[in-house]
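Welcome! Let us take a friendly walk through a protein model and see which parts meet which. Have the structure open beside you as you read.

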Amino acid sequence: MNRREMLTTTGAATLAALCMPKLMKAEAPASRVAIVRCRDYAQYGQQLSSAFDQIGGIEKLVRGKTVALKLNLTGNPKNFPLTTDLPYRTNPQSVAATVHLFARAGARRVRMIESFFPADQDLSLWARYGLDINAINNMGIPVVWENVQNLGNYKQYVRMKVPWGGYAYPAYHLNPAFYQCDVYASMAKLKNHWVAGVTMTMKNNFGNTPCSLYGGDCGPNGNERPTKERGAVLHDGTTSVPAGVDAELHPDSQRDPGYRVPRVLVDQNGIRPIDIAIVDGVETVRGGEGPWLPGLEKMTPGVIIAGRNAVCVDAVGMAVMGYDPYAERGTSPFIRGDNSLRLAEEAGIGTRVLKRIEVVGLSIKDAHINFGPGAVGKKLSELNS
């Protein structure tokens, strides 16, 4: 190597280093994960309570605290009514059972969180998902419903910084509901995702970004009446965020959803870490995140997975689905995108090393169900024919 080649190589390496976030040097933490059998939503509360007990209980964590509960009600209004034979959204019975457990554990308040269209604070919009609003509101503790698609009941967004500097953005501007809670719980589904490969605890955070600032029609100054989803801003990077919102760190990086989505979702887990991760595998789907995708079909793993660390829970969830948490892009299930678990582990959020994760309750082997190669546009029967 001559001097010019050495300088060129050194310069390229330096540029690459500058584009990398300031990642944690310490070993990513490991945390216990419980897998419990649950084949019927009528038993959901009892079985989730058992899972909570097996990870050390939640009383000390939630007693006297405000608990935010993030649901997974994916899909825009074009996808209504709910396709009842494809359980790709949070089950209404599971929501009521979970709020009841928080109330029983002594929570002071539960703040229900999700983002959907239209961006209104209207309880009927929650009810359209099958949620029993009256039953949930009568659990013995105050319940606040927050559609975080825009500012809602608040006057100013909260700027929340990514601890390691960020993969995609240095900070995100969110509805204050995420800031005004002591405990943050995520209710996700055990399923595939077209871009992210899998969508469980961590991917459930992607929807925390308000479309008023990160939606396709956010405009140069924000739009409190958004009608477009996050594709143009966060997936494709073809539309910039409004003035006053932190711009992306590397605007010259590839405009590929398979590159951007995993990094944004890991950033989202950094700014508001999940304290209680719940993955519903009682009834779910495989082949993608919703019925707008080809090859989607119902699955009945009959399990609930719960823990205190999002990465550990998702790593166990992947193993239950028959996937390797160390798989990389181009292999199942990460067919179109990078492995978000690797990015989260490198950022120090949690480990994906199954040998370091204490799995209690059912073993991964006993809970395993074949989810196939992932979101490939075909059902298992078509793949096996």
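Strands β3 and β4 run alongside each other in the parallel sense, paired over five bridges. One of the matched positions is E114, whose bridge partner in β4 is N147. Before going further, please keep in mind that this is a predicted model.

How enclosed is β4? Four of its five residues are buried, so β4 is largely enclosed by the rest of the structure. A general idea helps when you look at strands: in a regular strand, side chains alternate between the two faces of the sheet.

**Charged pairs**

How many salt bridges does a search of the whole structure find? The search finds 18. Three of them are set out here.

| Salt bridge | N to O distance |
|---|---|
| E146 and R111 | 3.1 Å |
| R263 and D338 | 2.7 Å |
| R286 and E297 | 2.8 Å |

Begin with R286 and E297, which form a salt bridge with their closest N and O atoms 2.8 Å apart. R286 belongs to strand β11 (residues 284–286) and E297 to strand β12 (residues 297–299), so this pair ties together parts that are 11 residues apart in sequence. Both ends are tucked away, since R286 is buried and E297 is buried too.

Now return to the strands from the start, where the side chains of E146 and R111 meet in a salt bridge. E146 sits in strand β4 (residues 143–147) and R111 in strand β3 (residues 109–114), so the pair ties together parts that are 35 residues apart in sequence. Here again E146 and R111 are buried.

The remaining pair in the table joins R263 and D338 through their side chains. R263 is in helix α9 (residues 257–271) and D338 is in the loop between α10 and α11 (340–346), so this salt bridge ties together parts that are 75 residues apart in sequence.

Are R263 and D338 buried or exposed? Residues count as buried under 20% relative accessible area. R263 has a relative accessibility of 12%, so it counts as buried. D338 has a relative accessible area of 10%, so it is buried as well.

This pair also has company: D256, R263, R329 and D338 are linked in a network of salt bridges. Leaving aside residues up to four places away in sequence, D338 touches G258, Y259, P262, R263 and R329. Y259 has a link to R263 too, because the charged end of R263 sits over the ring of Y259, 3.8 Å from its centre. Elsewhere, R336 lies over the face of W194, at 3.6 Å from the ring centre.

**Rings that meet**

Aromatic rings can pair as well, and a search of the whole structure finds 11 aromatic pairs. One of them is W126 with W145, an edge-to-face pair at 5.1 Å centre to centre with 70° between the planes. W126 is in helix α5 (residues 123–127) and W145 is in strand β4, so the pair links distant parts of the chain, 19 residues apart. Both tryptophans, W126 and W145, are buried.

Another pair is F178 with Y184: their ring centres are 6.0 Å apart and their planes lie at 80°, so this pair is edge-to-face. F178 and Y184 are both buried. As for W126 and W145, they join F116 and Y129 in one aromatic cluster.

**The nonpolar cores**

In soluble globular proteins, nonpolar side chains tend to be buried together. The largest nonpolar core in this model has 69 residues, and those touching the most other members are I35, Y169, Y172, L190, Y214, V266 and I305. Which helix gives this core its largest share? That is helix α10 (residues 310–320), with eight residues. Apart from this core lies another, of 45 residues, including C38, F116, I133 and V143.

Y169 is a good residue to click on. Not counting residues up to four places away in sequence, its contacts include V162, V233, L234, V241 and L249, along with D246, E248, R260 and D267.

**A covered helix**

Finally, look at helix α2 (residues 44–54), where the buried residues include Y44, L48, A51 and F52. Among the elements that cover the buried residues of α2 are β1 (33–37), α4 (92–104), β7 (183–189), β10 (276–281) and β13 (303–307). After α2 comes G56, with a positive phi near 105°.

Definitions and conventions: Residues are numbered from 1 along each chain as its sequence is written. Side-chain values use heavy atoms; hydrogens and water are left out. A nonpolar core is a set of buried Ala, Val, Leu, Ile, Met, Phe, Trp, Tyr and Cys residues joined through side-chain atoms within 4.5 Å. Buried means under 20% relative accessible area, exposed over 50%, partly exposed in between (1.4 Å probe, protein chains only). Helices (H or I, at least four residues) and strands (E, at least two) are DSSP runs, numbered from the N terminus. Contact means heavy atoms within 4.5 Å. A salt bridge is a side-chain nitrogen of Lys or Arg within 4 Å of a carboxyl oxygen of Asp or Glu. Rings of Phe, Tyr and Trp (its six-membered ring) pair if their centres lie within 6.5 Å; planes under 30 degrees apart count as stacked, over 60 as edge-to-face and the rest as tilted. A charge sits over a ring if NZ of Lys or CZ of Arg is within 6 Å of the ring centre and within 35 degrees of the ring normal. Two strands pair if DSSP finds at least two bridges between them.
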